[in-house]
Amino acid sequence: LLRVCQGYAGPLELTLQTNATLLDDAWIDLFREEWPELEYSTSLDGDRDGNRHRVDYADRPTAETVELTLQRFHSRGLRIGLVCTVTAAVVSRPVETLDYFLQFPALNLLKFNPCFDYNARTRRSPGNAFSLA
């Protein structure tokens with residue numbers, strides 16, 4: 001896809017929105033080689049308690065993996081934007097949440113989106129309306 005975009009004659013700006021759980025060094029190297037100006041963004045809803053609704057397909061929390069990716073970006077001199085969905089777990093802790101995000105020097109954007117459904121559940125949650133079976 002990046003090579004196809006390189007053939008476009010007009011102006012083109014690309015961004016990558018990722019959950020950052022599989023964004024390892026090999027992927028970053030590929031993106032830097034094929035599109036050095038690529039802009040990156042990921043989602044993290046606060047510290048591990050605030051991010052508890054973001055899980056992988058095995059229902060494991062993703063916060064630690066995303067934190068490692070943010071550290072990887074910093075060590076490589078890359079910048080990344082971050083989107084935080086403000087849930088009940090973080091809305092009452094604004095200072096702590098902001099302090100948490102400020103520990104990641106690779107961040108070049110911090111966007112807060114409201115969550116209007118504070119009843120979000122993982123597949124293990126009681127009363128969950130969906131199944132991955």
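A salt bridge here is a side-chain nitrogen of Lys or Arg within 4 Å of a carboxyl oxygen of Asp or Glu. With that in hand, welcome to the tour: the structure in your viewer is a predicted model, and it holds 10 salt bridges.

**Stop 1: the whole chain**

Start with a cartoon view. You should find five helices and four strands, and tracing from the N terminus gives the order α-β-α-β-α-β-α-α-β. Now colour by relative accessibility: of the 133 residues in the chain, 35% are buried. A surface view shows about 8600 Å² exposed, with carbon and sulfur atoms supplying 55% of that area. If you like contact maps, take the contacts between residues at least 6 apart in sequence; 70% of them join residues at least 24 apart.

**Stop 2: Arg3 and Glu34**

Select Arg3 and Glu34, and show their side chains. They form a salt bridge whose closest N and O atoms are 2.8 Å apart. Arg3 sits in helix α1 (residues 2-6) and Glu34 in helix α2 (residues 25-34), so this pair ties together parts that are 31 residues apart in sequence. Which partner is buried, and which is exposed? Arg3 counts as exposed, at 58% relative accessibility, whereas Glu34 counts as buried, at 9%.

**Stop 3: Arg93 and Asp47**

Next, pick Arg93 and Asp47, whose side chains meet in a salt bridge with an N to O distance of 3.0 Å. Here both partners come from loops: Arg93 from the one between α4 (88-91) and α5 (94-102), Asp47 from the one between β2 (39-43) and α3 (63-75), so parts 46 residues apart in sequence are tied together. Asp47 is partly exposed, with a relative accessible area of 22%.

**Stop 4: Asp56, Arg60 and a network**

Move on to Asp56 and Arg60, another salt bridge, with the closest N and O atoms 2.8 Å apart. Asp56 is partly exposed, and its relative accessible area is 26%. Then select Asp25, Asp29, Arg72 and Arg76 together: salt bridges with shared partners join these four into one network.

**Stop 5: the aromatic rings**

Now highlight Phe, Tyr and Trp. With rings taken as paired when their centres lie within 6.5 Å, the count comes to six aromatic pairs. Zoom in on one of them, Phe31 and Tyr40: the ring centres are 6.4 Å apart and the planes stand at 55°, so the pair is tilted. Both Phe31 and Tyr40 are buried. Add Trp27 and Phe73 to the selection, and you have a cluster, since ring pairs link Trp27, Phe31, Tyr40 and Phe73.

**Stop 6: Thr69**

Centre the view on Thr69, which lies in helix α3. Is this residue buried or exposed? Thr69 counts as buried, at 2% relative accessibility. What does Thr69 touch, once neighbours within four places in sequence are left aside? Ala20 and Leu23 are in contact with Thr69. Look closely at Ala20: its backbone oxygen lies 2.9 Å from a polar atom of the Thr69 side chain.

**Stop 7: a nonpolar patch**

Finish on the surface by selecting Leu98, Leu102 and Phe112. These three form a nonpolar patch, with about 300 Å² of accessible area together. Phe112 belongs to strand β4 (residues 107-114) and counts as partly exposed, at 41% relative accessibility.

How values were computed
Residues are numbered from 1 along each chain as its sequence is written. This is a predicted model: local features need pLDDT of at least 70, side-chain atom pairs count only at pLDDT 80 or more; totals for chains, interfaces and linings use all residues. Side-chain values use heavy atoms; hydrogens and water are left out. Rings of Phe, Tyr and Trp (its six-membered ring) pair if their centres lie within 6.5 Å; planes under 30 degrees apart count as stacked, over 60 as edge-to-face and the rest as tilted. Buried means under 20% relative accessible area, exposed over 50%, partly exposed in between (1.4 Å probe, protein chains only). Helices (H or I, at least four residues) and strands (E, at least two) are DSSP runs, numbered from the N terminus. A polar contact is a pair of N or O atoms within 3.5 Å; within protein, one must be able to donate a hydrogen and the other to accept it, and residues adjacent in sequence count only if both atoms are side-chain atoms. Contact means heavy atoms within 4.5 Å. Patches are made of residues with over 30% relative accessible area and no salt bridge: like charges are joined within 9 Å, nonpolar side chains (Val, Leu, Ile, Met, Phe, Trp, Tyr) within 5 Å. Accessible areas come from the Shrake-Rupley method with a 1.4 Å probe; for residues, only the protein chains shown count as cover.
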